[in-house]
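Me: Please take a close look at one helix pair in this model and describe how the two helices pack.

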Amino acid sequence: METTAISLIPPLIVILLVIATRRVIISISAGIIASALILCGFRPGDAVEAVMGSAARIFYTEGNWDFDNMLLVLFILGLGMLTAFIDKNGGTIGFARWAQKRVKNAAMAQLLAVVLGIIIFIDDYFNALTVGEVSRSLTDRYKVSREKLAYIIDSTSAPVCSICPLSSWGAYIIALFAIILPGTDAPLNQFIETIPYNFYAIFSLALVFLSAIWNINLGRMNDAASIKADDGLPDSTHEKHATDLIMPISILVAVSVGTMYMTGCIFSGSWDVFEILQHASTYLSLCAGCAAGLGWAVYRYWHFHGNELFYTAFYGMKKVAGATAALLFAWVLIDMIGMLRPGAFLSGLLVQYNISSQLLPCLLFVFSAVMALATGFSWGVFGIMLPISVQMSSALGMGDAMLYCCLGAVLSGSVFGDHCSPISDTTILSSTGAQCVHMDHVISQLPYALFSAAVAASGFLTIGYTESLGAAFATQTGILCAATCLILTRRKHKGKVVRFARSAVDL
């Protein structure tokens with residue numbers, strides 16, 4: 001199918017509807033219908049067949065079962081059950097009581113979530129769901145909104161994975177570099193060269209640290225109404241221990257990492273850590289870890305409420321059913337949008353208008369962001385835009401440093417678009433991990449994401465005209481510091497005004 005501007009209509013429909021209605025599944029369904037009608041020449045019968053085909057390809061493609069997608073769905077449902085058993089065992093309350101002796105305020109609670117998000121860098125799915133489970137009870141205690149927790153989770157999942165070679169993202173990008181980059185340098189070294197140019201990932205992490213340290217809440221982040229004091233389960237009568245949360249999560253992490261290492265060794269036949277990561281069965285490892293952690297939680301639970309075992313398991317699955325459905329619908333939409341190829345249309349515009357080398361990094365960032373926002377799939381954008389960026393930078397005679405800058409711009413834009421897209425799986429799972437309304441998360445984190453993107457764009461413009469990484473970082477750091485000082489100054493001034501008003505009322 002020839003790529004035209006009409007390929008942009010379905011993702012635009014989804015984005016506009018999801019903002020207007022805040023109904024994710026309905027909006028995605030509208031995008032699926034629009035995509036199918038466009039693909040099939042507006043023939044309803046063929047459109048229905050196309051939708052059914054895309055739905056089937058979630059789990060079955062070209063005569064082969066897609067076990068990765070099956071395992072991911074099982075992992076999400078298993079984590080929902082694990083959450084329910086941890087809550088029923090009193091693990092979340094026990095952890096909150098243990099942590100409150102060390103964590104004294106909302107800023108420290110947020111910093112704990114940030115640090116956990118950075119430490120758990122192996123996989124973005126694993127990060128989103130695990131950090132949410134560990135941090136939620138503590139952030140609730142200090143009245144940190146679920147939307148703020150979801151923002152922290154989202155900002156420390158894909159951004160961290162995109163700059164860490166020892167992650168599923170890093171392994172995928174390194175594998176792409178081995179194919180698309182010329183020269184004799186090892187793909188790992190080439191990936192490391194791009195890290196300083198991944199401006200969005202770096203400055204979104206810097207912003208989430210600052211927002212945690214000074215408890216900066218913008219717009220909807222000031223509203224803690226999404227926190228629910230009652231989780232719907234009867235409270236445990238036995239003494240509550242932090243180990244009832246720490247142990248199953250620790251088992252989940254240890255078994256997942258261990259299984260990832262074992263499967264990577266088996267499938268790669270190598271002891272090289274990057275070969276192991278590239279060939280490891282991530283989703284099998286996550287399911288194995290979840291099953292082990294769930295087994296421990298069920299064992300602990302059996303001693304106290306054995307007669308409610310199935311009710312608790314069902315309740316846990318029910319809590320994540322909405323997110324699972326949204327993810328399944330998003331997969332269908334991504335498959336159909338992939339056939340429309342909006343990415344090829346957008347990337348073709350860069351070639352058509354003969355972009356100058358000074359503007360190329362910034363435009364690659366913008367185009368990659370738009371593509372990832374529209375498709376909700378940053379890895380697909382990597383596969384499209386990374387080869388294009390290599391070809392364009394080579395055609396313009398750009399040196400190695402600027403080549404890595406262009407690659408970093410694609411990575412940055414893809415992560416930003418993925419970060420903001422309401423149909424992105426990592427965005428959906430961040431909402432699931434924090435247990436907040438999905439569209440509340442998408443809308444509330446937009447000011448932070450857009451600011452980080454503006455900082456990144458200024459860096460790409462600066463380096464495009466100066467070819468100086470130092471100048472780019474100086475520009476971006478100056479903008480970030482100035483904005484932070486302005487927000488803190490306004491908050492301090494507002495506090496003085498409030499105190500003055502209260503004094504006047506008292507008089």
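Reply: What follows covers the chain briefly and then the packing of one helix pair.

This is a predicted model, in which local features need pLDDT of at least 70, side-chain atom pairs count only at pLDDT 80 or more, and totals for chains, interfaces and linings use all residues. Residues are numbered from 1 along each chain as its sequence is written, and side-chain values use heavy atoms, with hydrogens and water left out.

The chain has 23 helices and two strands, taken as DSSP runs numbered from the N terminus (helices H or I, at least four residues; strands E, at least two). Of its 507 residues, 53% are buried, meaning under 20% relative accessible area with a 1.4 Å probe, protein chains only.

Helix H18 (residues 360-375) packs against helix H20 (residues 400-420) at an angle of about 30°, and their axes are 7 Å apart. The axes are lines fitted to C-alpha atoms over the stretch in contact, with angles from 0 to 180 degrees between N-to-C directions. H18 is therefore roughly parallel to H20, a term for angles under 35 degrees.

On the H18 side, the contact (heavy atoms within 4.5 Å) is made by residues including Leu360, Leu364, Phe365 and Leu373. H20 contributes, among them, Met402, Val410, Phe416 and Asp418. The residues of this contact divide into 14 nonpolar, five polar and one charged. Here Ala, Val, Leu, Ile, Met, Phe, Trp, Tyr, Cys and Pro count as nonpolar, Asp, Glu, Lys and Arg as charged, and the others, Gly among them, as polar.

Definitions and conventions: Parallel < 35°, antiparallel > 145°, perpendicular 65-115°, else oblique. Buried < 20%, exposed > 50% of the residue type's maximum accessible area, 1.4 Å probe, protein only.
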